[in-house]
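Visitor: I've got a model open and I'd like to learn how to read its features. Could you walk me through it?

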Amino acid sequence: LDLNNWTGINNNYITYLDNKIQLIKSNAIYRIKNDFNIEETNHIDIKAPNITLDGQNHIGTYVSQSASNFNGLVQMLETQNGNITVKNIKVMMDGANRPTLNTTRGWVVGGAFGQGGSSDSRYVIENCSSNGNISKYSGGVIGYRLNYWSSATTIVRRCYSTGDQTSTHSGGIIGWFSSNGKTNNNTNGTL
């Protein structure tokens, strides 16, 4: 996961710090232009409001050999009011490597996405998928506390997971302790 994987935007609006891509320009569409590898410490931080992250159906393959406690590919660590869309991203494990997902996280979108959003905010996660196993309080696509303590609108649609749920209080698509979402998804892993 590096700056060569991005298209459609000036790289001055993307920073790369400690193996993390930071999307820092608001009112922008960021597009991933190639399939990519994910290392244990890689992720994408959404650092501004009114952003669309479009994976264009490219696949991120998790390649760390001894990884555990992955926090999810996309993070939104601060509350971002405004419209945030994450779409068309697949996170897959290769055949030999089966890293673990950190408690409370999701393979595509980490925990607390949309938490604390205002009533004029809208969070959309669509056409995203994973095949990694799902740990306690976690979700196959989105971690826990989706839209928690929030009056924002959250829409999750056309997402799926084929990973096995390995613990209680987890969800095939969305992790535990989430609220106010609208969903249209499926999972076919072991429950």
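Visitor: Let's start with strand pairing. How many bridges join β7 to strand β9?

Guide: Keep in mind that this is a predicted model. To read a pairing, look for bridges between two strands; DSSP has to find at least two of them. Here, β7 and β9 (residues 83–93) are joined by 9 bridges and run parallel. One place to look is His58, which stands opposite Ile89 in β9.

Visitor: Which other strands pair with β7?

Guide: Strand β4 (residues 28–32) pairs with β7 (residues 51–62) in the parallel sense, over 4 bridges. Zoom in on Arg31 there and you'll find Asp54 as its bridge partner in β7. Strand β5 (residues 36–38) is parallel to β7 too, with 3 bridges joining them. In that case, Asn37 stands opposite Thr61 in β7.

Visitor: Back to His58, then. Is it buried or exposed?

Guide: The general idea is to check the relative accessible area against a cut-off: under 20% is buried. His58, in strand β7, comes out at 18%, so it counts as buried.

Visitor: And what is His58 in contact with, leaving aside its neighbours within four places in sequence?

Guide: For contacts, you look for heavy atoms within 4.5 Å. The list for His58 is Ile32, Lys33, Asn34, Asp35, Asn88, Ile89 and Lys90. You've met Ile89 already, as the residue His58 stands opposite in β9.

Visitor: Can we try a residue in a loop? Where does Cys128 lie?

Guide: Cys128 lies in the loop between β10 (122–126) and β11 (129–130). Don't let the word "loop" settle the burial question, though: Cys128 has a relative accessible area of 0%, so it is buried.

Visitor: Which residues is Cys128 in contact with, again leaving aside neighbours within four places in sequence?

Guide: They come from several stretches of the sequence: Val86, Lys87, Asn88, Ile89, Val108, Val141, Arg158, Cys159 and Tyr160. Take Val86: 42 residues separate it from Cys128 in sequence, yet the C-alpha to C-alpha distance is 8.1 Å.

Visitor: Now zoom out for me. What does the secondary structure of the protein chain come to?

Guide: Count the elements first: there are 0 helices and 13 strands. Then look at burial across the chain, where 50% of the 191 residues count as buried. For contacts, take those with a separation of 6 or more: 76% of them are between residues 24 or more positions apart.

Visitor: How about the exposed surface of the protein chain?

Guide: The protein chain exposes about 8,200 Å², with carbon and sulfur atoms supplying 41% of it.

How values were computed: Residues numbered from 1 in each chain as written. Predicted model: local features only at pLDDT ≥ 70, side-chain atom pairs only at ≥ 80, totals over all residues. Heavy atoms only, no water. Helix = DSSP H or I, 4+ residues; strand = E, 2+ residues; numbered from the N terminus. Buried < 20%, exposed > 50% of the residue type's maximum accessible area, 1.4 Å probe, protein only. Areas by Shrake-Rupley, 256 points an atom, 1.4 Å probe, with all protein chains shown as cover.
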